[in-house]
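I opened this entry to look up how aromatic rings are arranged, where charged groups meet rings, and what lines one of the pockets.

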Amino acid sequence: MNQHYAFRLILSALATCIAHADLDESNRIPIGEGWRLQSSAKLTAPNGAALSQPGADVTSWYPVSIPTTVLAALVENKVFPDPYFGENLKAIPGYQEGRWMRMKDDSPFFPTWWYRAEFTTPKGYEGKYLRLHLDGINYRANVWLNGEKIAGDDTIIGMFQRFEIDVTGKLKLGEMNCLAVEVSAPGKLPEEQYRTKQVEATTGWDDHNPQPPDLNMGIWREVYLTASGPVMLRHPYVETDLDLPALDKADLTVQVQATNLTDKRVSTEISGRIEDITFTETISLAPRESGWFNITPVQCPQLSVKNPRLWWPNPLGAQNLYQLELEARVDGAVSDVAGTRFGIREATTYINKEGWRAYRINGKDVLIRGGAWMTNDMLLRFSEKRDRALVRYAREANLNMLRSEGFSIRETDQFYDICDELGVMVTQQLFGRSIPDEELAVDCIRDSVLRIRNHPSLVHFLGHDETFPTDPLDEAYQGIIAKYSPDRTYQPHSGAFDVKERFNTGGTRTGTRELWTYADPARYYNKNYEETAWGFAQSGGIGGIVAQIESVRRMIPDDQLWPIWTDALSFHTVIQGGEFFRETVNALNTRYGEPKDIDDFCMTAQVMNYESARAMFEAYARNKYDATGITTWKYDAAWPAVMTWHYIDYYLLATGAYYGAKKACEELHVQYSYDDDSVWVVNSLYQPFDGLKTTARVFNLDMKEVHAQHATVAVGPDGKTQAFVLQWPAGLSKTFFLVLTLEDGTGNPVTDNLYWLSTVPDTPGEMKDNWIDFQINAKSVADFTSLRSLPKVTVTASMETRTEGDETHAAVTIENPTDQLAFFVNLGVMKGTDGLEVAPCYWDDNDLSLLPGQKRHIKAVFATRDLEGTTPKLRVNGWNVEAK
């Protein structure tokens, strides 16, 4: 362990474990309110010395709260209408079509913008060493305090690093102070053709959504002051080494950086606590010296923890977390405190015999099924609600990993905290592409790794997206991870386009034009493709995923809702426009019949997306561990999109693709195989099950049962068992239904799974694999057009609610009293009779179908505050369904 730390500083001869006094609260003064914002183009000879004096007249400036980008602040101040509605974004000055990196000289965001705030500091800070923290600046800044320039844009540069400025002696204690920050945007580049997707240490967004006209310029993270004595503590860290496979002991190594802020040698007592474990050590620091202090179980045997409470990803176990508290004392007085939350777990990845990357958690294999995480707001308006909702949706569906991609931001601590709490693992990509200023890139990644390394949810690092870093960057990344986060693995490249290249990229592959456009449910079972459910896919997916109709109506003007693709509908896809998804729409029309309007289109798309997403995740489960995992492209969206690759849409409504994935990722699941008609029971838990009764029933379109098969099976821990191969009867209708059920040994239902199938197979043809004029050209396509002839069904439904803490729990009873199938029923909780749907809302099942006479009890949970004072009302709709 120790060799990983070149600057290890252990200056005392002996570490002893002693009783520990209570730690003081950390001294932090946020500077988040009372800010004003203005463009330098609107100021007459702007001068930082004058603007940073208290009392300057800024009444004409825009009032803002920090953090905020410039464009987000202007939208908040109603300078521009909602840029997420219709084509409003195009009307904002500085907007450019497509992917762009160079800001035009006449953009209103090309001049610098000034952020200014007045604030007071406590008189109790006398004799303290004071630091100003700027945790996120995009892209450069000059910083002025009380008339003095304290940092310039030669050092305050790069979106992905935190800045800390010594302001000791520069603040007026007990009086008004003024801070002025002059921010310069990224994109001030030479006018040339850039054959890359990223050239600066800033957001890029790739083709996921339009570039915001300001390129996210501004103060996008917190601003605050801290105070300490002569020694300050930074970057506390706990590395855990778990005994495998016994799991009965973990060795903890505590690390922190200590810095002497004085011109004299200082003796410092560092003490710490982890629950009932306490330790202390005395170190000596030379004038202005900064070094790393480690304490190991060799020095403090209590750091060898017996029977530790482990952190597991959901649903494999509990998400146990510990708290480290550290304190530095000089001459008996508290100089500084630091702390961090951490989990005890052993997360490893390895390359298997076929050259694919595979994952283990606490010594056990784990199949990765998750998605690519996109920073969830294009204007970087972060909220705990959005982060928690999106991560919780993943947990509720047993999606166990989010890959934080490299074109948006290096994710926030808030995001990682929630992943820690909810048990969702994270792979963090470092950059999208190599940038020319490699020293800046390294500085950004070093700080990012130091910031996020304590989170147990973080398990793996990727270098760059679909490309290799330059050799110097790759070497630097490896060095940073080995030094500061040695318990994580790293690969340089997100994934190969040619699977033969997986041995170079790090054991993974990426997607294809086909998988980003449309993949039918048989696609991941087809062994004629290299990109089947085999190995590990960092990307791929099912193609275009459509938002719920309510969300579409929130983002698109009524006169632009039909036909596909109006200008507004096309704009709310990817930067290539709706034409990118031409083959998605063609597949929908051929497979299900052409929709008559936008409501019909959205409903049909939910059905098609469910069908494909369920099959993709089921294929990986059946093929484990020849298949080691997939983080599908992608999971969420940064702005409202009609069709993109989102499982949860921008307004936090779950799509049909999400509910298909949720069904596939059940802990104990029964599923159908599209390649060989086999039925499998798949177990995602580390415990065995036996006596499981598996039943298959086959119904024609008219709901006449024409076949049934049964088997009783056992399935081992994290195992899979083939129950039987279906024997199809003669006389099947062109569209028919397969209903699978699973019961435990006492006859209690475990789960069920309804498939709509066709006697016409999905047969691939000669694909035109051209990025611009892509064509699938299937030989035959499953025919579900007769679903449009299903008789209308009226179901009965009722809902009861109860409040528990901050949440409302809904219990829905729904029954199909008819002799026909109630197909693809979608449930929602509405804010009163005329309000929007409550979102987020976590259903235990949705987009479900009811057999004749079937009754189901469905549960949902949502935040009571999201009712906004209304009475919850149940909404029921579906393919051929209405409710009474």
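I began with the aromatic residues and found that Y592, Y610, F737, W756, F784, F823, F824 and W879 form one aromatic cluster. I note here that the model is predicted, so that local features were taken up only where pLDDT is at least 70.

Next I looked up how many aromatic pairs there are, and the count comes to 45. I took Y524 and Y620 as one of these pairs: the ring centres lie 6.0 Å apart with 50° between the planes, and the pair is tilted. I then checked where the two residues sit, and found Y524 in the loop between α7 (502–505) and β30 (535–537) and Y620 in helix α11 (residues 598–622), so that the pair links distant parts of the chain, 96 residues apart. Are these two tyrosines, Y524 and Y620, buried or exposed? Y524 has a relative accessibility of 2% and therefore counts as buried, and Y620 is buried as well, with a relative accessible area of 0%.

I turned to F581 and W645, whose ring centres are 5.8 Å apart and whose planes meet at 70°; because an angle over 60 degrees counts as edge-to-face, I entered this pair as edge-to-face. F581 lies in the loop between α9 (567–571) and α10 (582–592), while W645 lies in the loop between β33 (643–644) and α12 (656–664), so the pair ties together parts that are 64 residues apart in sequence. I looked up the accessibility of both members: F581 is buried at a relative accessible area of 0%, and W645 is buried at 2%.

For charges over rings I wrote down two cases. The charged end of R309 sits over the ring of Y322, at 4.4 Å from the ring centre, and the charged end of R410 sits over the ring of F431, at 5.3 Å from the centre of that ring.

Last, I examined the second largest pocket, for which the volume is about 1,100 Å³. Which residues lie nearest the centre of this second largest pocket? Its lining holds 41 residues, and K663, E666, V750, T751 and R856 are the ones nearest the centre. I also asked which element gives the largest share of the lining of this pocket, and found that strand β40 (residues 749–758) does, with seven residues. Sorted by character, the lining of the second largest pocket divides into 17 nonpolar, eight polar and 16 charged residues.

Note on methods: Residues numbered from 1 in each chain as written. Predicted model: local features only at pLDDT ≥ 70, side-chain atom pairs only at ≥ 80, totals over all residues. Heavy atoms only, no water. Phe/Tyr/Trp six-rings, centres within 6.5 Å; stacked < 30°, edge-to-face > 60°. Helix = DSSP H or I, 4+ residues; strand = E, 2+ residues; numbered from the N terminus. Buried < 20%, exposed > 50% of the residue type's maximum accessible area, 1.4 Å probe, protein only. Lys NZ or Arg CZ within 6 Å of the ring centre and 35° of its normal. 1 Å grid on protein atoms, 1.4 Å probe; cavity = no way out; pocket = protein on both sides within 12 Å on 5 of 7 lines; lining within 4 Å. Points joined across faces, edges and corners; volume = space filled by probe spheres on them. Nonpolar A, V, L, I, M, F, W, Y, C, P; charged D, E, K, R; others polar.
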